[in-house]
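Me: I'd like a close look at one part of this protein, the empty space in it and what surrounds that space. Please take it slowly, and connect it to the rest as you go.

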Amino acid sequence: MEERKPLLQLQNLKKYFDVSTGFFKREQAYLTAVDDVSFDIYKGETFGLVGESGCGKSTLGRSVVRLYEPTGGKIIYDGDDITNLSQHDMMKYRKRLQMIFQDPYASLNTRLTVSEIIGEGIETHNLYSGKEKLEKIYDLLQTVGLKREHASRYPHEFSGGQRQRIGIARSLAVEPELVVCDEPISALDVSIQAQVVNMLEDLQNDMGLTYLFIAHDLSMVKHISDRIGVMYLGKMMEITTSVELYKNPLHPYTQALLSAIPIPDPKQHKINKRIILEGDVKSPINPPEGCRFSSRCRYCMDICTEVTPELREVEPGHFVACHLVK
Ligand code: SF4
């Protein structure tokens with residue numbers, strides 16, 4: 001059988017923010033937004049990344065497309081190390097790696113027309129010009145469920161869902177391979193969320209796209225993801241297939257997240273009791289050794305506050321960072 005090659009590999013990726021205070025920043029402090037995270041994404045798959053807000057998932061997404069400079073570790077894209085490329089050398093990868101943002105309004109330049117917004121990337125990468133460029137823009141509008149006549153309008157003339165469609169069209173304009181979708185549906189009405197997710201799935205099938213799909217809640221990534229990674233305070237806690245994660249969650253944090261998803265069947269809902277997380281969330285600034293989840297974990301043991309658990313493969317393709325799981 002042919003071995004699958006990863007399109008994206010993150011190796012011990014770190015992104016710290018300097019939050020030192022005092023005169024000449026004498027009180028050195030670092031916010032460890034992403035701390036030693038490793039995983040691969042394969043061509044054509046959707047990797048869902050979940051965790052509560054502040055867990056570092058969006059910082060990780062932005063680091064992947066190099067909107068943030070990583071503090072350490074490696075980002076390997078299609079076999080090439082892109083971690084430290086200059087902005088100039090990064091240009092050829094910008095076309096291949098795109099991002100869809102959470103807040104469609106904030107991410108669109110309100111002074112540009114839809115046509116100008118979508119056309120920017122096409123121009124930057126010299127893909128099409130003149131009539132061909134305009135035809136491409138019309139095609140893209142149609143692909144995302146908008147109309148030709150929308151091309152000359154401005155972002156404020158659209159609803160939230162339509163603005164997200166414009167953001168998606170802008171990302172697709174440069175014909176990317178991997179798209180980082182940073183909570184693309186969180187800011188939308190529930191009624192619109194399913195439409196946008198279905199559209200992203202159709203686009204993936206038609207264009208062979210690979211997604212890193214970031215969300216704060218497991219129910220959002222359940223259907224779209226092939227594999228899911230669960231993050232907590234900058235660390236990866238569990239990675240496995242979407243099916244396995246729902247059937248057999250091994251990390252206490254994943255179990256708590258899953259228990260919070262409402263189940264339509266009231267009988268089943270009674271069986272699956274909700275796990276309420278108690279205790280304070282630890283500070284991500286200069287965190288000590290130990291499991292980052294220990295302050296809220298009902299199974300916490302002595303070792304948990306002293307030794308940071310490694311992410312280990314405990315079953316084929318199922319990785320967990322917990323001292324409890326052997
Ligand atoms: Fe809980 Fe310890 Fe496992 Fe952390 S390592 S999740 S504190 S049992």
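Reply: Start with the walls of the largest cavity: the residues lining that cavity divide into eleven nonpolar, three polar and no charged. Keep in mind that you're looking at a predicted model. The lining is made of 14 residues, and Cys291, Cys297, Cys304, Cys322 and His323 are the ones nearest the centre of the cavity. The space itself comes to about 90 Å³. How many cavities of 30 Å³ or more does the structure hold? Just one.

Next, the pockets. The largest pocket has a volume of about 550 Å³. It has 27 lining residues, and those closest to its centre are Asp36, Ser38, Met236, Glu310 and Leu311. Strand E2 (30–42) and strand E10 (235–241) are the elements that give two or more residues to this lining. E2 provides the largest share, with seven residues. Sort the lining of the largest pocket by class and you get 13 nonpolar, five polar and nine charged residues. Compare that with the cavity, where no charged residue appears in the lining.

The second largest pocket holds about 400 Å³ of space. Here 16 residues do the lining, and Arg94, Gln98, Met99, Phe101 and Arg170 sit closest to the centre. Which elements give two or more residues to this lining? They are helix H2 (87–96), strand E6 (97–100), helix H4 (114–124) and helix H6 (160–172). By class, the lining of this second pocket has eight nonpolar, five polar and three charged residues.

Now for the sheets that these strands belong to. E2, which you met in the largest pocket, is part of an open sheet of four strands in the order E2-E1-E4-E5, with antiparallel pairing. E2 and E5 are the edge strands with a single partner each, so each has one side without a neighbour in the sheet. Helix H1 (residues 57–64) packs on this sheet and touches E1, E2 and E4, with its direction at about 115 degrees to that of E1.

Zoom in on the pairs in this sheet. Strand E1 (residues 6–18) pairs with strand E4 (residues 72–77) in the antiparallel sense, over five bridges. In that pair, glutamine 11 stands opposite lysine 74 in E4. E4 also pairs antiparallel with strand E5 (residues 80–81), over two bridges. There, isoleucine 76 faces aspartate 81 in E5, while tyrosine 77 stands opposite aspartate 80 in E5. These two strands make a hairpin with two residues between them, and aspartate 78 in the turn has a positive phi of about 50 degrees.

E6 and E10 take you to another sheet. It's open, with eight strands in the order E6-E7-E8-E3-E9-E10-E12-E11 and mixed pairing. Its edge strands are E6 and strand E11 (312–315), and each of them pairs on one side only. From one strand to the next, the twist averages 25 degrees.

Here's one parallel pair from that sheet: strand E3 (residues 46–50) and strand E9 (residues 227–232), joined by four bridges. Within it, glycine 48 stands opposite isoleucine 228 in E9. H2, one of the helices from the second pocket, packs on the sheet, touching E6 and strand E7 (178–182), and its direction makes about 60 degrees with that of E6. Helix H7 (residues 190–207) lies across E3, E6 and strand E8 (210–215), and it runs at about 160 degrees to E8.

At the E11 edge, E11 and strand E12 (residues 318–320) run antiparallel and are joined by three bridges. Arginine 312 is opposite valine 320 in E12. This pair is a hairpin too: two residues lie between the strands, and glycine 317 takes a positive phi near 75 degrees.

Finally, step back to the whole chain. It has twelve helices and twelve strands. The radius of gyration is 21 Å, close to the 20 Å that the globule rule gives for 326 residues, so the chain is as compact as a globular protein of that length. Along its principal axes, the C-alpha trace spans about 70 × 60 × 50 Å.

Definitions and conventions: Residues numbered from 1 in each chain as written. Predicted model: local features only at pLDDT ≥ 70, side-chain atom pairs only at ≥ 80, totals over all residues. Heavy atoms only, no water. 1 Å grid on protein atoms, 1.4 Å probe; cavity = no way out; pocket = protein on both sides within 12 Å on 5 of 7 lines; lining within 4 Å. Points joined across faces, edges and corners; volume = space filled by probe spheres on them. Nonpolar A, V, L, I, M, F, W, Y, C, P; charged D, E, K, R; others polar. Pairing = 2+ DSSP bridges. Axes fitted to C-alpha atoms, helices over the stretch in contact; angles between N-to-C directions. Contact = heavy atoms within 4.5 Å. Rg over C-alpha atoms; globule rule 2.2 N^0.38 Å.
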